[in-house]
Amino acid sequence: MIKSIAILTGGGDCPGLNAVIRGVVRAAIIKRGWSVVGIQDGFDGLIHGPQTIPLDLDSVRGILQRGGTILGTSNRGNPFRYPVPEGETFKMVDISQRVVDNFRKAGADALVVAGGDGTLKIARRLNDMGVPVVGVPKTIDNDLCGTDVTFGYNTAVGVVTEALDRLHTTAESHHRAIVVEVMGRDAGWIALESGIAGSADVILLPEIPFHIEQVCKHIDQRRQDGRRFHIVVVAEGAVPVGGHKVVQATAGQNCGTERLGGIGHQVAEAIQRRQGIETRTVVLGHLQRGGTPSAFDRILGSRFGVKAVELLERGEFGKMVALVGREVLATEIDLAVATMNRVDPQGNLVHTAEALGIMVGR
Ligand code: F6P
């Protein structure tokens, strides 16, 4: 019988996380009378002693429209590979038992973990070690399997689409090409959907290695057709044929992932050099992650939070909430982390883009 639960948010922040927290807290307290604690800064809050804050109805009042996460988060600190200083360098140690012990000290019967691929993998392993876990899929990149969509993604697409609308007017006025670099390490969903919504001329995705000559040819054709400006959307993980992802910073010993960035500048430079068109680059970066969530993400986050509590009540541990069609259901965490949800180069969305005359790099 559950009486008390804990919740943590891990990985990069994401619009809609507060809706999840609020959904969990309200569903746990209003109908069930459970108590809830929030664990601070992702798994860090269980690594450095249980760092918790009590969550009652007052503490989640007014947070639905707020971006970020009131609990804090971290995309470092994997307890199964934790960097400990050793001389001049670090060695990786498994401190997962400490996390399990600190979870027990926090006094909760079960744990809700909202996070992306990395966070959910950790959650799954902790579940195997006896921490009853339910997962909530989160990422603006929409690259998790097992759910039709993740919350945060809709907000990110909205932000990029608005940016493209704004960039159109300035590109048109100055007869320029503008290259817009957006997030999407391995999956180009944000680039593709916002590119379609924002009427881009070229969209470059991690899933379709691009030929820069083809991109330039497409722009040349547009010029011959009388078009005097060009909008190119590039996912940060896009790669030229035979090339590599552009990395801004490699993963340090205590930094989970390498930092991508710079492909937009490379594409812009190539367009300017080959076509002689004045070109600018805009890197939208964390603007896509910050700020108020869309109505869709507030609703999806709320549904996920409420469903997570239902799964805990039914003892469905090791599972994750997911949107399938119009329903929010339970699915295995294993399913979500086994592979990545990537754009199908032969799928309907890419086909739609190409049928609209958008060039996708091939
Ligand atoms: O996973 C979401 C994401 O937004 C990626 O698209 C991006 O590469 C990464 O997070 C950036 O993370 P950080 O906040 O560590 O720079």
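**Close-up views of a predicted model**

**View 1. A polar contact joins the side chains of D201 and R222.** In this predicted model, the two side chains approach to 2.9 Å. A second partner of D201 is the main chain of I231: a polar atom of the D201 side chain lies 2.7 Å from the backbone nitrogen of I231. D201 belongs to the loop that runs between α6 (189–197) and β9 (202–204). Its relative accessibility is 11%, under the 20% limit, so D201 counts as buried.

**View 2. S199 has a positive phi although it is not a glycine.** The phi angle of S199 is about 55°. S199 is found in the loop between α6 and β9, and D201 also lies in the loop between these two elements. Is S199 buried or partly exposed? With 45% relative accessibility, S199 counts as partly exposed, whereas D201, at 11%, is buried.

**View 3. D41 is a non-glycine residue with positive phi.** Here phi is about 60°. The loop that holds D41 lies between β2 (35–39) and α2 (44–47). D41 has a relative accessible area of 33% and is partly exposed.

**View 4. The ligand is surrounded by residues that include N75, E236 and R289.** The other residues around the ligand are I140, D141, M183, G184, R185, R259 and H286. By class, the shell holds 5 charged, 3 polar and 2 nonpolar residues. Oxygen atoms of the ligand are approached by polar side-chain atoms of E236 at 2.6 Å, of R289 at 2.8 Å and of N75 at 2.9 Å. The ligand taken alone exposes 400 Å², and the protein buries 75% of this area.

**View 5. The ligand lies between domain 1 and domain 2.** Domain 1 comprises 4–151 + 293–325, and domain 2 comprises 156–289 + 344–355. Why is the ligand placed between them? Both domains give residues to the shell around the ligand, so the ligand lies between the two.

**View 6. Helix α9 spans residues 295–314.** From the first C-alpha to the last, the 20 residues of α9 reach 29 Å. This is close to the 28 Å expected at 1.5 Å a residue. Which residues of α9 are buried? They are D297, L300, G301, F304, G305, K307, A308, V309, L311 and L312. An α-helix has 3.6 residues a turn, so residues three or four places apart point the same way. The residue that follows α9 is G315, with a positive phi near 75°.

**View 7. H244 is exposed in the loop between β10 (230–235) and β11 (247–249).** The relative accessible area of H244 is 67%, over the 50% limit, so H244 counts as exposed. P209 is 35 residues away from H244 along the chain, and a distance of 9.6 Å separates their C-alpha atoms.

**View 8. G68 is buried in the loop between β3 (52–55) and β4 (82–86).** G68 has a relative accessible area of 12%. Between G68 and I196 the separation is 128 residues in sequence and 27 Å in space, taken from C-alpha to C-alpha.

Technical notes: Residues numbered from 1 in each chain as written. Predicted model: local features only at pLDDT ≥ 70, side-chain atom pairs only at ≥ 80, totals over all residues. Heavy atoms only, no water. Near = heavy atom within 4 Å. Polar contact = N/O pair within 3.5 Å; in protein donor to acceptor, adjacent residues only side chain to side chain. Areas by Shrake-Rupley, 256 points an atom, 1.4 Å probe, with all protein chains shown as cover. Nonpolar A, V, L, I, M, F, W, Y, C, P; charged D, E, K, R; others polar. Domains from an automatic or database assignment. Helix = DSSP H or I, 4+ residues; strand = E, 2+ residues; numbered from the N terminus. Expected span 1.5 Å × (residues − 1). Buried < 20%, exposed > 50% of the residue type's maximum accessible area, 1.4 Å probe, protein only.
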